[in-house]
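Trainee: I am new to this structure and would like to go through it step by step. May I begin with a side chain and then move on to the overall fold?
Mentor: Certainly; please bring it up first.

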Amino acid sequence: MGIMGKPGNVRLTGTIVIPADQLEDLVPLLEEHIVLTRQEPGCLHFDVTQDAETPELFHVSELFTCEDAFAAHQKNGAARRWGPASANLSRDFHKETL
């Protein structure tokens, strides 16, 4: 990936699965979540891209300046419409501090 973080940055990568029968309802909420997240203090990078071959699979790439900024993002996400709507989706995330 092209983005390198400074020491203390928090990076999260992985995937989330949105079942085909929920795509129409959840993708607009996800798009709203992406726009709002990119405006959060401490957000350096936030991308969620739909897999070209498997439309239910979304690739997640996040980078925040510090653990506090990442924690605030988690809290914000849970409070948005995306949070409760996506609570039961399958996620496979890897978080690391750089």
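Trainee: Which side chain does the side chain of Ser61 join in a polar contact?
Mentor: That of His45, with a polar contact of 3.0 Å between the two side chains. A polar contact here is a pair of N or O atoms within 3.5 Å; within protein, one must be able to donate a hydrogen and the other to accept it, and residues adjacent in sequence count only if both atoms are side-chain atoms. Please note that this is a predicted model, in which local features need pLDDT of at least 70 and side-chain atom pairs count only at pLDDT 80 or more, while totals for chains, interfaces and linings use all residues. Residues are numbered from 1 along each chain as its sequence is written, and side-chain values use heavy atoms, with hydrogens and water left out.

Trainee: Is Ser61 buried or exposed?
Mentor: Ser61 is buried, because its relative accessible area is 13%; buried means under 20%, exposed over 50%, and partly exposed in between, with a 1.4 Å probe and protein chains only.

Trainee: Where does Ser61 lie, and what does it touch?
Mentor: Ser61 belongs to strand S3, residues 57-64. Strands (E, at least two residues) and helices (H or I, at least four) are DSSP runs numbered from the N terminus. Leaving out residues up to four places away in sequence, Ser61 touches Leu12, Thr13, His45, Phe46 and Asp47, where contact means heavy atoms within 4.5 Å.

Trainee: What about Thr13, buried or exposed?
Mentor: Neither; Thr13 counts as partly exposed, at 28% relative accessibility. Thr13 lies in strand S1. Between Thr13 and Val60 there are 5.3 Å in space, C-alpha to C-alpha, although they are 47 residues apart in sequence.

Trainee: Now the sheet: what is the order of the strands?
Mentor: The order is S2-S3-S1-S4, in an open sheet of 4 strands with antiparallel pairing. Two strands pair if DSSP finds at least two bridges between them. Strand S2 (43-50) and strand S4 (90-97) each have a single partner strand, so they stand at the edges and one side of each is left without a neighbour in the sheet.

Trainee: How many bridges do S2 and S3 pair over?
Mentor: S2 and S3 pair over 7 bridges in the antiparallel sense, and they form a hairpin with 6 residues between them. In S3, Glu62 is the bridge partner of Phe46, and Val60 is that of Val48.

Trainee: Which strands does helix H2 lie across?
Mentor: Helix H2 (residues 67-79) lies across S1, S2, S3 and S4, and runs at about 140 degrees to S3. Such angles run from 0 to 180 degrees between N-to-C directions, with axes fitted to C-alpha atoms, for helices over the stretch in contact.

Trainee: Changing topic, how many aromatic pairs are there?
Mentor: The whole structure holds 1 aromatic pair. Phe64 and Phe70 form it edge-to-face, 5.8 Å centre to centre with 70 degrees between the planes. Rings of Phe, Tyr and Trp (its six-membered ring) pair if their centres lie within 6.5 Å; planes under 30 degrees apart count as stacked, over 60 as edge-to-face and the rest as tilted.

Trainee: Are those two buried or exposed?
Mentor: Phe64 counts as buried at 0% relative accessibility, and Phe70 counts as buried at 6%.
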